[in-house]
Amino acid sequence: MEQQPQPTTPKSGRSTKAAATHLTLQVRDNLLDIIMRVITREYNNAVDTDRLRTIIVAETDPLITVTTTQQSQHQPPRVQDIGAFFKKCQVTKTTQQTRCVNLC
Amino acid sequence: MREPVLTLLSSPPTEFLANETYGAQWKQVSDEWNKVMTKIAPQTADTADTADTADNNNTTTTHHKIKVDLKAGRLFNYDADITFLDEETGATVTKQKAEFKYNAARINELPQFLSLQARYSLFTASPASPASPAIPTYDEFYYTNYLPKYIAIDTGRNPNDPNDIQLALAELPKPPLAEYINAVTKTSTEGLPFFAQLKEREELLFKKEKSALVDESIAQYLALYGSQIDVNAFTAKLVADQTDKHYILWKNGKFHYDTITQEEMSDLQFHSIKNGNAIVLQSATKPSIEYHLLLRWRNHKGILNPAWQISMRRIRATPVAQ
């Protein structure tokens, strides 16, 4: 049986991407908390901070996700990665079926 | 894992093709890739010829260099830019948007081709202003009408074990609406104590009752508002996302090509509510075309990430040329 090479660098799997995204989102949210507190204090409740937060979150969410995902894609494909095209999909639930058809 | 492989398929490294274990697989996938590329290659006399022959399973490749740049994240609504370069000068001839799918040969076989978070308003003419929709988005509707009921179900008393007494969910501080709406679209409960508690208790106590309540909330929402869907807004979103998007689908050892035509995205109208969880839209001029907008919780039912999972049906779809 052929021995699989051991990876020497971190994998660029979903868990790494999710962790990086989560950390960045956490920093963004903490920063937003501070900014909203300052705005409330300085402008004496004249600004709708909930609405402002919603807008900033909507604008920054996609940027954060794409940044972390693009970073992880710098890993070049390995020869054995082609095997993924020949994997059988076990479809038992809608969620799994959805994952199954997404190539990433 | 498969997406990065696509960047090498038009011309795999020699050592990959020569690999004892995986070489044959690289050759097969690469041949199929170059064949399907003729479907989206620039329409010159040369490539038009190869496109025709590709339909007959000829393995002739296109006369352009192909470069694949992967795109990802919510900023992009497709997987990659495929650039066709002049073989001699290296100049860009054309660039195409591509979406890759596995284990399907047609778009209408996909359980979803588009997903919209529940906070995306499908019921007003102005999806750009989700903060003040005329009809509540589902997550807001759920927060107001069903989250209190969900919490009330789980009293912390195990009906099968009188000694198993836990904190009643009603004792948890419920986040304010704005905070809830912001958090409910996330995919993880990390850093969200209220949601983490709901998740921890999801399967522990009253699982069936909670699940039934969430089903009821979806059915009730669609019964109240489903027929009022803003079809024009949905069509505009569909056209913006799908126009010029090329689907490259891998199934049974082959790449297949598909796209949603302008005709398939026009003249849509509300048709029905299906199974109490999906809105069905139908083309008025081509009734064989349907779009199913399934409303479901993507990460823990009733707890995180409610979204519209959108699929397409071609009722009398013609078989794919093999």
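Where is Phe206(B) placed in chain B? I looked this up at the start, and found Phe206(B) in the loop between helix H8 (193–202) and H9. Worth noting before going on: this is a predicted model.

**Entry: two odd backbone angles**

I checked phi for Phe206(B) and got a positive value of about 55°, although Phe206(B) is not a glycine. Next I counted neighbours: 21 other C-beta atoms lie within 10 Å of Phe206(B), so this residue is buried.

Asp244(B) also caught my eye, since its phi is positive, near 60°, and Asp244(B) is a residue other than glycine. I found Asp244(B) in the loop between H10 and strand E5 (245–251) of chain B. Is Asp244(B) buried or exposed? I counted 9 C-beta neighbours inside 10 Å, so Asp244(B) goes down as exposed.

**Entry: helix H9 of chain B**

I moved on to H9(B), which takes in residues 207–225. I tried a quick length check here. At 1.5 Å a residue, the 19 residues should span 27 Å, and the end C-alpha atoms are 27 Å apart, so the two agree.

Which residues of H9(B) are buried? I wrote down Lys210(B), Val214(B), Ser217(B), Ile218(B), Tyr221(B) and Leu222(B). They cover an arc of only 120° around the axis, so they sit on the same side of H9(B). On the face turned away from that buried side I found the exposed residues Lys208(B), Ala212(B) and Ala223(B).

Then I asked what the buried residues of H9(B) pack against. Two helices of chain B came up, H5 (138–145) and H6 (147–153). Three strands of chain B are on the list as well: E7 (268–274), E8 (278–283) and E9 (289–299).

**Entry: Ile229(B), after H9**

Ile229(B) has its place in the loop between H9 and helix H10 (231–242) of chain B. I counted 19 C-beta neighbours inside 10 Å, and buried needs 20 or more, so Ile229(B) counts as partly exposed.

I also looked at who touches Ile229(B), leaving aside neighbours within four places in sequence. The contacts are Leu122(B), Phe123(B), Phe234(B), Phe270(B) and Ile279(B). Phe123(B) is 106 residues away from Ile229(B) along the chain, yet their C-alpha atoms are separated by 4.8 Å.

**Entry: Thr83(B)**

I found Thr83(B) in strand E2 (residues 80–86) of chain B. With 16 other C-beta atoms within 10 Å, Thr83(B) is partly exposed. Leaving aside neighbours within four places in sequence, I listed its contacts as Lys67(B), Thr92(B) and Lys95(B). I also took the distance from Thr83(B) to Thr94(B): 11 residues apart in sequence, and 5.9 Å in space, C-alpha to C-alpha.

**Entry: the largest nonpolar core**

The largest nonpolar core has 71 residues. Which of them touch the most other members? My list reads Ile82(A), Ile248(B), Leu249(B), Leu293(B), Leu295(B) and Trp308(B). Domain 1 (2–102) and domain 2 (106–242 + 265–322) of chain B both give residues to this core, so it lies between them.

I followed up Ile82(A), which belongs to chain A. Not counting residues up to four places away in sequence, Ile82(A) touches Val5(B), Tyr22(B), Gln25(B), Trp26(B) and Val29(B).

**Entry: chain totals**

For chain B I noted 10 helices and 10 strands. Of its 322 residues, 34% are buried. I also looked at contacts in chain B with a separation of 6 or more, and 52% of them join residues 24 or more positions apart.

Chain A has 3 helices and 0 strands, and 12% of its 104 residues count as buried.

**Entry: how far to trust it**

The mean pLDDT of chain B is 86, with 88% of its residues at 70 or more. Residues 45–62 of chain B have a pLDDT below 50, though beyond near neighbours in sequence this stretch has 26 contacts in the model.

Chain A averages 68, and 57% of its residues score at least 70. Among its elements, helix H1 (residues 14–42) has the highest mean pLDDT (79) and helix H3 (residues 94–101) the lowest (51). Over residues 1–14 of chain A pLDDT stays under 50, and the model has 8 contacts there beyond four places in sequence. Note to self: where pLDDT is low, the predicted coordinates should not be read in detail.

For the complex, I copied down the predictor's ipTM of 0.74 and pTM of 0.73.

Notes. Residues are numbered from 1 along each chain as its sequence is written. Chains are lettered from A and ligands numbered from 1 in the order in which they are written. This is a predicted model: local features need pLDDT of at least 70, side-chain atom pairs count only at pLDDT 80 or more; totals for chains, interfaces and linings use all residues. A nonpolar core is a set of buried Ala, Val, Leu, Ile, Met, Phe, Trp, Tyr and Cys residues joined through C-beta atoms within 7 Å. Domain bounds come from an automatic or database domain assignment. Two residues are in contact if their C-beta atoms, placed from the backbone, lie within 7 Å. pLDDT is the predictor's confidence in each residue, from 0 to 100. Helices (H or I, at least four residues) and strands (E, at least two) are DSSP runs, numbered from the N terminus. The expected span of a helix is 1.5 Å times one less than its number of residues. The arc is that of the directions from the helix axis to the C-beta atoms.
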